[in-house]
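Here is a quick walk through a two-chain model, starting with how far to trust it. Have the sequence and the 3D view open as you read.

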Amino acid sequence: MNRRMGIRLGWAVLAGAAADLAGLGLIAAAAWLITRAAEQPPLTALSVAIVATRAFATGKGVFRYAERLTGHDVALRAQAGTREQLYESLIPPQRPRHGGADLLSRMVDDTEAVQDLLVRCLLPAAAAALTALAAVVLGLFVLPVSALALVTGLVVAGVLLPVVTATAARRWSARIAPARAALAGRVTDLVHGSADLAAYGAGDRALDQARHADTALATLERRQARVHALALAGGTLTQGLTVAAIVLLAQDAGVGSVATAVLALTALVSFEPVLPLAAAGERMAGITAALRRLKDVRSTSPAVTEPSSPAPVPAGPLTVEVEDLVVRHPGAQGRPAVDGVSLTLTPGRRVALVGPSGAGKSTLLAALMRLAEPESGSVRVNGVDIRELASDDVRTLMTGLTQDPYIFQTTLRDNLRLAGPDADDEGLTRAVREARLEHWVERTGWDTELGEDGRTVSGGQLQRLALARALLYDPPVLLLDEPAEALDETTADGLMADLLDATHDRTTLLVTHRLSGLERVDEIIVLEEGRVIQRGPHDRLVTEPGYYRDLWESEVLTRR
Amino acid sequence: MRAERSVRRHLAVTLAAAVLAGLLVLVQAELLAGVLSGRFAVTALTGVVAVVGLRALLAWTQGVFAGRTATGVKSALRQRLLGRFQELGPARLTGHRSGELVTLTGRGLDGLDPYLTGYLPAIAVAGVVPLAVLIRLFTADLASAIIVLLTLPLIPIFGALVGMTTKAVTERQFHALSRLGGHFLDVVRGLPTLRAFGRARYQATVIERVADAHRSATMRTLRVAFLSSLVLELCASLSLALVAVPIGLRLLGGSLDLTTALLVLLLAPEAYLPLRMMGTRFHASMEGVAAADAAFAVLDRTPDTPPGATASPTTASPAITSPAITSPGATSAPPAGAARIHLDDVTVRYPGRDDAALEHVTLTIEPGEHIALVGESGGGKSTLLHLVLGFVTPSAGRVLIGETDLRDLDLDAWRASLAFVPQRPHLFTTSVADNIRLGAPSASLEEVRRAATAAHADGFVQRLPAGYDTQVGERGANLSAGQRQRIALARAFCRPGASVLLLDEPTARLDGRSEAAVVAATAELSRGRTAIIVAHRPAMIDLADRVVRVHEGRLVSDTAAVTDLGSLR
């Protein structure tokens with residue numbers, strides 16, 4: 001946190017404390033005013049108290065307003081800062097994490113924790129501490145022993161109870177988390193497995209199990225509520241007993257009715273900002289867990305190591321040589337995902353990668369794009385090993401249509417332009433035409449906002465939009481991962497035909513599971529379990545018994 | 001419903017405890033004023049302590065019972081939702097975004113907590129305590145009571161006024177806030193795409209700019225929105241000053257005694273507090289109301305029952321207990337042994353889709369016949385399987401099993417004679433063995449192993465860390481697609497009594513080796529049974545006696561199996 005943030009935070013704390021102090025002052029002045037008036041002094045003796053009462057009353061509202069504004073400003077800034085940091089640490093290629101989309105949205109939720117920490121925990125705690133301090137100091141001046149009682153009560157309510165609730169909340173969330181996960185698992189089973197359950201008459205059993213999981217969770221949550229209840233009761237008790245003790249002490253010491261009333265009522269009010277801290281303590285468990293997760297994200301090392309002094313980017317027509325490349329998914333046992341693959345892409349040459357899912361096709365592309373670190377072997381571009389280049393530079397040379405392309409919540413035009421910020425309308429139109437998307441674009445309109453998750457975009461349109469991006473970006477080596485995925489047969493065949501026209505004379509590496517049109521590429525490489533099992537032109541491969549011929553025959557059979 | 005009755009009782013206890021604790025504050029003020037003014041002896045402090053003790057007890061009661069109420073309500077809603085998932089059945093569950101349903105039953109319903117534990121008790125207290133304070137003030141000091149009576153309504157009035165004027169602005173802003181959250185999530189989700197086009201770093205500056213613009217816009221609105229709380233705070237504190245100063249002056253004149261004065265000073269804030277508390281709690285509970293709305297939307301979805309889905313029209317009432325999985329007039333038992341399956345001019349339409357999934361399909365499958373369904377995806381092959389399973393009912397036409405309409409058949413009993421392997425079989429979060437004996441819970445481990453062996457699954461299951469007792473991870477994550485497929489096949493083998501086999505692309509997404517194993521297992525399984533297999537690959541199609549081609553919802557050809565693939569090339 002930088003210095004200016006610290007200053008802003010300081011103002012927020014001061015404003016909060018001022019509001020609480022005004023509340024304290026209001027009750028102290030009013031108590032003094034009333035008890036002193038009962039002794040019937042001259043009116044002038046009361047004038048200061050009258051003014052003070054009114055001033056504190058006004059101040060309380062105004063300072064509270066200031067506190068809420070400064071507090072929210074600081075919190076928003078802090079959250080923005082956390083998000084920027086999180087984003088920065090996500091920019092380098094990441095190793096795949098478990099949890100996928102859910103994990104990302106949880107990460108984003110976690111950045112709210114910083115806001116919660118400030119607005120709901122730190123700021124109120126600081127303001128409460130200052131107010132408590134003022135009440136204690138007032139007590140010290142009037143009757144030191146009463147200050148001792150007050151300190152004891154405030155420490156119990158403001159330190160002990162929050163610590164207890166924070167500890168209990170942490171322990172309970174550790175017990176409740178598995179119960180939640182179990183319930184989520186059962187619900188997932190019920191929803192995703194509904195066909196299996198219905199077909200096998202097992203629905204009632206699964207429903208029973210889900211209900212049991214719910215009952216188990218409810219039982220735990222019911223017991224967890226006792227922590228909150230105890231904190232509430234403890235706070236009430238501490239406040240009441242402290243006030244009673246102070247009255248008793250004051251009357252024993254014979255300080256008079258004015259001092260007794262002032263001491264008792266300020267003590268009563270000084271608890272008001274302190275009591276909510278127990279609930280803040282309960283929140284802390286969740287907040288610290290969120291902050292820890294964010295820290296873990298920041299401290300994970302990226303998937304590839306950047307060179308300390310990157311080599312200059314090769315220029316001119318590019319030749320890519322992949323030699324005996326081995327890539328293993330991090331932490332995976334057994335056979336590597338890519339197991340000794342070699343291939344050469346000379347300028348203008350088009351190579352297709354074919355094979356069953358899980359054969360390592362996408363992993364090979366990831367290694368070419370410097371998104372995955374090879375275990376051995378090399379990828380050279382005009383003789384330069386891509387490990388010696390900055391990974392961002394590698395992706396200016398080799399990129400294109402990646403797995404799971406993403407549609408942003410913005411206009412169609414901006415979704416396309418991210419691959420070519422400087423492209424003019426003509427360039428955009430050409431890319432759209434080459435991706436056979438022009439009719440859809442005409443219907444949809446360039447400035448239409450595309451929905452969340454591209455929901456208004458069908459699978460086929462999404463794929464073609466991603467293809468248009470790749471064509472617009474026009475890298476020296478074009479990588480295309482399943483461009484015809486999720487398209488119906490006719491469109492897919494048409495797209496492949498157009499694609500092969502558009503990539504004519506472009507250095508292209510095409511991953512596909514459909515074979516239509518592959519007679520036009522220079523080489524087909526069939527991968528299985530990370531290894532090359534067949535390679536050659538289409539005409540030869542269809543005559544050899546093996547995977548490629550089998551696949552070709554089944555495609556012919558299912559086509560009309 | 002017993003559970004809901006007990007929830008109502010818990011809620012009643014919660015509210016009673018909250019109100020009682022609020023009223024005890026009056027007693028506490030009474031005693032404290034007496035002690036401080038010297039009217040009561042110091043021994044009255046024991047009274048104060050007793051009241052405080054009682055209030056603490058009530059606070060504890062309120063906390064415990066509020067917790068019980070919240071968990072009770074959430075649990076009841078959840079149980080109803082779970083039952084609802086079951087009734088919706090496979091055909092209509094796929095219409096929902098399944099991830100959302102899982103979130104709704106979990107974190108979504110937790111949003112109800114602030115409403116149940118905070119807002120409801122606050123309403124009860126706000127309804128009773130200010131009134132009680134006013135009554136006590138009227139009996140103690142008329143002038144002060146009138147001041148409080150006149151200023152008290154200012155809180156709801158100002159609250160409503162400021163709320164109304166800022167409502168539109170704040171709502172727009174909160175919408176923008178969620179959009180900003182959305183923007184950030186959007187960018188993070190799209191990072192791989194940004195990275196591929198070298199835009200990831202540039203986007204960091206966009207994030208900063210958006211956050212900055214958003215913050216200053218938010219602060220502009222908050223300056224107005226917080227005015228409401230400023231007004232409320234000022235109303236309350238100025239009223240206190242308004243009460244305290246005249247009291248002081250009247251004390252000076254001797255027209256008021258100190259006990260009453262202190263009582264008024266202690267009581268006046270208690271009149272305003274519950275109203276302000278209610279406002280605060282209201283805002284905190286809004287999210288939960290949205291969650292409840294979402295839950296009820298799922299529970300009430302019955303009326304738009306599509307003609308093509310399982311639920312009968314009789315479930316149009318929100319009665320959630322009627323099981324829609326079994327058909328309404330399910331009386332007839334399915335014919336014993338293998339029966340002829342006959343689709344008689346069947347048309348299936350899914351809601352929200354213009355074109356029919358199946359159109360005027362007539363097909364007869366004799367007992368023991370093996371049919372391969374081929375054709376492009378989306379053509380209606382899976383719908384045909386779902387028809388036979390009873391997941392969807394025809395919009396027109398009939399499905400006959402033997403001579404009986406499937407609608408008149410006891411669906412559970414009919415399904416007991418089927419073995420189904422869906423396109424993406426779901427593996428449940430339990431052991432491998434329990435996954436295999438899904439349709440035959442009483443099967444012994446020996447029978448499970450026999451089924452697994454027949455499905456070519458025994459080998460890899462044995463190699464798993466705990467063999468058949470190995471727990472399957474979430475969505476079967478620790479098994480490959482081929483292994484999952486073979487466990488699903490083992491499920492089918494574990495139903496030796498099944499007379500009809502329904503397989504939906506069992507070899508899709510499998511590598512060559514797994515495919516061979518699955519084809520061999522399927523050949524074994526279909527021996528002596530009727531088999532309907534949605535197939536793409538030649539090895540699978542080879543198993544069939546007849547190849548039926550489905551295209552855009554219609555049967556376009558029905559031929560004896562082509563055995564000589566070479567002639568097609």
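Among the elements of chain B, helix H4 (residues 113-140) of chain B has the highest mean pLDDT, 93, and helix H6 (residues 154-189) of chain B the lowest, 73. Here pLDDT is the predictor's confidence in each residue, from 0 to 100, while helices (H or I, at least four residues) and strands (E, at least two) are DSSP runs numbered from the N terminus. Chain B as a whole has a mean pLDDT of 81, with 83% of its residues at 70 or more. There are weak spots: pLDDT stays under 50 over residues 303-330 of chain B, a stretch for which the model has 63 contacts beyond four places in sequence. Residues 564-569 of chain B are also below 50, with 8 contacts beyond near neighbours in sequence. Two residues are in contact if their C-beta atoms, placed from the backbone, lie within 7 Å. Where pLDDT is low, the predicted coordinates should not be read in detail. For the model, ipTM is 0.82 and pTM is 0.79.

This is a predicted model, in which local features need pLDDT of at least 70 and side-chain atom pairs count only at pLDDT 80 or more, though totals for chains, interfaces and linings use all residues. Residues are numbered from 1 along each chain as its sequence is written, and chains are lettered from A and ligands numbered from 1 in the order in which they are written.

On to the layout. The domain bounds below come from an automatic or database domain assignment.

| Chain | Domain 1 | Domain 2 | Distance between C-alpha centres |
|---|---|---|---|
| Chain A | residues 3-299 | residues 320-558 | 53 Å |
| Chain B | residues 2-141 + 256-300 | residues 341-568 | 54 Å |

Chain B has 17 helices and 10 strands. Of its 569 residues, 49% are buried, meaning that 20 or more other C-beta atoms lie within 10 Å of a residue's own (12 or fewer is exposed, in between is partly exposed, and C-beta atoms are placed from the backbone). Among chain B contacts between residues at least 6 apart in sequence, 77% join residues at least 24 apart.

How do the chains meet? The contact takes 115 residues from chain A and 120 residues from chain B. Helix H7 (residues 203-253) of chain A gives the most to chain A's side, with 24 residues. That side has 59 nonpolar, 28 polar and 28 charged residues.

Now the inside. A nonpolar core is a set of buried Ala, Val, Leu, Ile, Met, Phe, Trp, Tyr and Cys residues joined through C-beta atoms within 7 Å. The largest one has 255 residues, and Ile34(A), Ile246(A), Leu373(B) and Ile533(B) touch the most other members. Helix H1 (residues 3-38) of chain A gives the most to this core, 21 residues. A second, separate core of 71 residues includes Ala352(A), Phe408(A), Leu472(A) and Leu541(A).

For a contrast, take Arg540(A), found in helix H17 (residues 538-541) of chain A. Arg540(A) counts as exposed because there are 12 C-beta neighbours inside 10 Å. Its C-alpha atom is separated by 69 Å from that of His72(A), 468 residues apart along the chain.

Finally, an unreviewed UniProt entry lists "transmembrane region" for stretches of chain A including residues 40-57 and 117-141. Residues 40-57 of chain A are 78% helix and 0% strand, with end C-alpha atoms 24 Å apart. Residues 117-141 of chain A are 100% helix and 0% strand, with the end C-alpha atoms 35 Å apart.

Methods
Ala, Val, Leu, Ile, Met, Phe, Trp, Tyr, Cys and Pro count as nonpolar, Asp, Glu, Lys and Arg as charged, and the others, Gly among them, as polar. UniProt positions are given in the numbering used here, feature names are shortened, and annotations may be inferred rather than shown by experiment.
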